[in-house]
Amino acid sequence: MIAVHFDLAAWHSDGPPCKTRAATREQLTWATTNRVPAVTRRRDKGCVWALTPNVLGCIFPNRNIPERTSKCFETVTTWSPQGAETGRENKVTQESPKPRRLSRRATALMAAGLSVGTAASVAIAVPIATSSAQSAPTASIQVWMEANGTPLDNYWAAQAKAFDQANPGDTVSIDIEPSGPYNTKVAAALAANNPPALTFGWGGGRELQYIDAKVLQPFGDAGQTDAGNPSWKSDFVASSLGAVTFNNEIYGIPLAGTQPVFFFYNKALLARYHLKFPTTTTQLLADVVTLAKHNVTSLALSDNGGWPGLMYLEYFSDRIGGPQVFLNIQDGKMGAWSNPAIIQALTDIQKLVKDNAFEQGYQDISFGTGFTEAMIHNGVAAMELMGDWDIGFIQGYYPGWVATGDMGIGFFPTVPGGKGNPADLEGNTTSYAELAAHISPAETYVAEKFAAWLFTTQAYAKFEVSQGLVPVIAGSAPLLNASPLKQYLLPVYNAVQKAPYFQYSWDQALGPVKSTPMLTNLEDVFNLTETPKQFATAMNKYQ
C-alpha cells in the first residue's frame, strides 16, 4: 500500500478557493510510476488533481469548481492492486518508491500509470520432455502486453492459467506493461538474448524495423514448418493482417478489435450549455470558447507519450487536405511536411491550446490512469478524442453510465472547404501479438500454441464484444447485434465498413525513426514553443 500526499489545503464551500503547492516533477514522476493518477505540475496555476474512477479530489485556485467535484479537501491517496482509497489525514510522509513486478492483474487502463519494477522479465526455457514416445516441447514463456483495461487484462491472465492447466509442463506468465515507456522497453528486450516470447504491437513501420533487425520471426502453426503462413490466417478478416504481412509472411496475430478513433462525449454536459456535438471544426472551436467561459474543459487529453495529441494532427490534416497529405509523407516525398494542410492543422491545434480547450497539465497525464474517462463521466470535461477501445475502458469504469446511453460517440468534425471526406477514419487496424526471434525452439512452440489457442476463437470474439470491441475474427458480426453495447459497436462497425479511407496511425505507419522526432516536435507545438512552420522544417529533414 502506497501513501501519497500533495499537501493540499482545506477548502470550504463558503470560503475562497484554496491555495496549494503544485506537485514537483519528482513527485509527479513518482506518482505516475506508482500508478497514482495525480497530474498537473504547473506552478503558475498552483493546481493539483488526484483522481480515481470513484473519487475526484481537485483544487483550482481562483476558479469555480463544477458542482460534482466541488469538495476539495486534505487528502491522502493510497493505491494498491485492489483499488484506491482516500483519507482525511494530513502531512503523511510519502513512502519511497520501490521497484516491483506487476502481477497478472492490472488495475489501470492502457497503463502509463502502472509500475513495472524489473527492467526486463526473463523467459526461462524448461528442458524439452523426453520419453519413449515422442512428446511436445514444454517451456515457460513471458508475454508482455500493453494494458487494455482491467477486464481484458484479467481475461488474458485467466486464460494463461487455463492454458497452463490444459498443457502440463507449460507456463505462460503475462506481464502488463505501461504504455508510456512500452516501445522503448520492448525494443531493448527484443534486442537482448532473453526477450519475452510474445509482445504486444501494432504492425506497420515499427514492426518492419524489428523484422529488418531480425528480432522478430514469422508466425506458423506450433510444431509445423509453415512459418509465415499459419493456418489460422483464415480465422481473421483478411484486411486485419495487412499491417503485419511483409514479403508474404505473417508476423503478427490479431489480439484486439478494429480501432478507429472517435470523439466520446457527455451528452448531459453539452445539453446543460445548450450545445450539440459539433459536426464542423468551426462549431468545435466556438464550443471551446463557450465551455471555457463556464470553467469547463472541452477536450480531455492524456498526452503523456504524445500519441493522443497526434490524433488531432491526423484528423485535422485529413479533413483539410485529404489522405494524400500523409501518403506523401509516408512515401518520403521531399518537403511533404510543409503541405498547407499540415501547417493549418498545427495552427488549429495551437488555437485549441490558446483557447484552453485542454485541461491543465494534459501533457503529464498518461492514458491508462482513468483520469480522462473520469473527467468525461463526472462532467468535468465535455469530450475526448480516443480510439474505440475507450468504449471498453469506460464500460469497465462506469458500466451503468455507458448502458444508459448517456455517453455519445461522434466522428471528427468536418473542415469547411476541406478536401477530406468526413467519413475518413484514422486509427489502427487492430493490435497484434508478435513473436520474438531470440527464443528457444521450445519457447517458440509454446508461444505459437498459446497465441492460436487464445486469440482465434469465437469465445474470444464474444468476450471482446462484451468489452466494447469490434472483433476482426471472421464471423463476429452477429455478436454485435446481440450486444448491450450495440449502440456504440454498430456505429463503429458500420463506419469501418463504409470508410472511403482508413489511415493507419502515423506513429505506427512511419516507424520510430520518423515517429520519435515527430512526437517530440508535436509536443513543442502543443507547448507553443514551436511554430507550425518550424515543425515542418524539422520534420522535412527526415524525408
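**A buried glutamate and a partly exposed leucine**

Of the 543 residues of the chain, 59% count as buried, and the model from which this follows is a predicted one. The chain holds 19 helices and 19 strands. Among its contacts between residues at least 6 apart in sequence, 74% join residues at least 24 apart. The surface that the chain exposes comes to about 21,300 Å², of which carbon and sulfur atoms supply 53%.

Within this setting, consider E464, which has its place in helix α14, the helix spanning residues 458-466. Which side chain of opposite charge is nearest to E464? That side chain belongs to K462, yet K462 is 13 Å away, and E464, although buried, has no salt bridge. Because a salt bridge requires a side-chain nitrogen of Lys or Arg within 4 Å of a carboxyl oxygen of Asp or Glu, the separation of 13 Å from K462 leaves E464 without one. When neighbours within four places in sequence are left aside, the residues in contact with E464 are L255, A256 and G257, together with L469, P471 and I473.

A second residue to follow is L479, which lies in helix α15, covering residues 477-481. In sequence L479 and E464 stand 15 residues apart, while in space their C-alpha atoms are separated by 9.8 Å. Is L479 buried or exposed? With a relative accessible area of 22%, L479 is partly exposed, because the term buried is kept for values under 20% and exposed for those over 50%. Not counting residues up to four places away in sequence, L479 touches Q458, A461, K462 and V465; K462 is also the residue that carries the nearest side chain of opposite charge to E464.

Key
Residues are numbered from 1 along each chain as its sequence is written. This is a predicted model: local features need pLDDT of at least 70, side-chain atom pairs count only at pLDDT 80 or more; totals for chains, interfaces and linings use all residues. Side-chain values use heavy atoms; hydrogens and water are left out. Helices (H or I, at least four residues) and strands (E, at least two) are DSSP runs, numbered from the N terminus. Buried means under 20% relative accessible area, exposed over 50%, partly exposed in between (1.4 Å probe, protein chains only). Lys and Arg count as positive and Asp and Glu as negative; His and the chain ends are not counted. Contact means heavy atoms within 4.5 Å. Accessible areas come from the Shrake-Rupley method with a 1.4 Å probe; for residues, only the protein chains shown count as cover.
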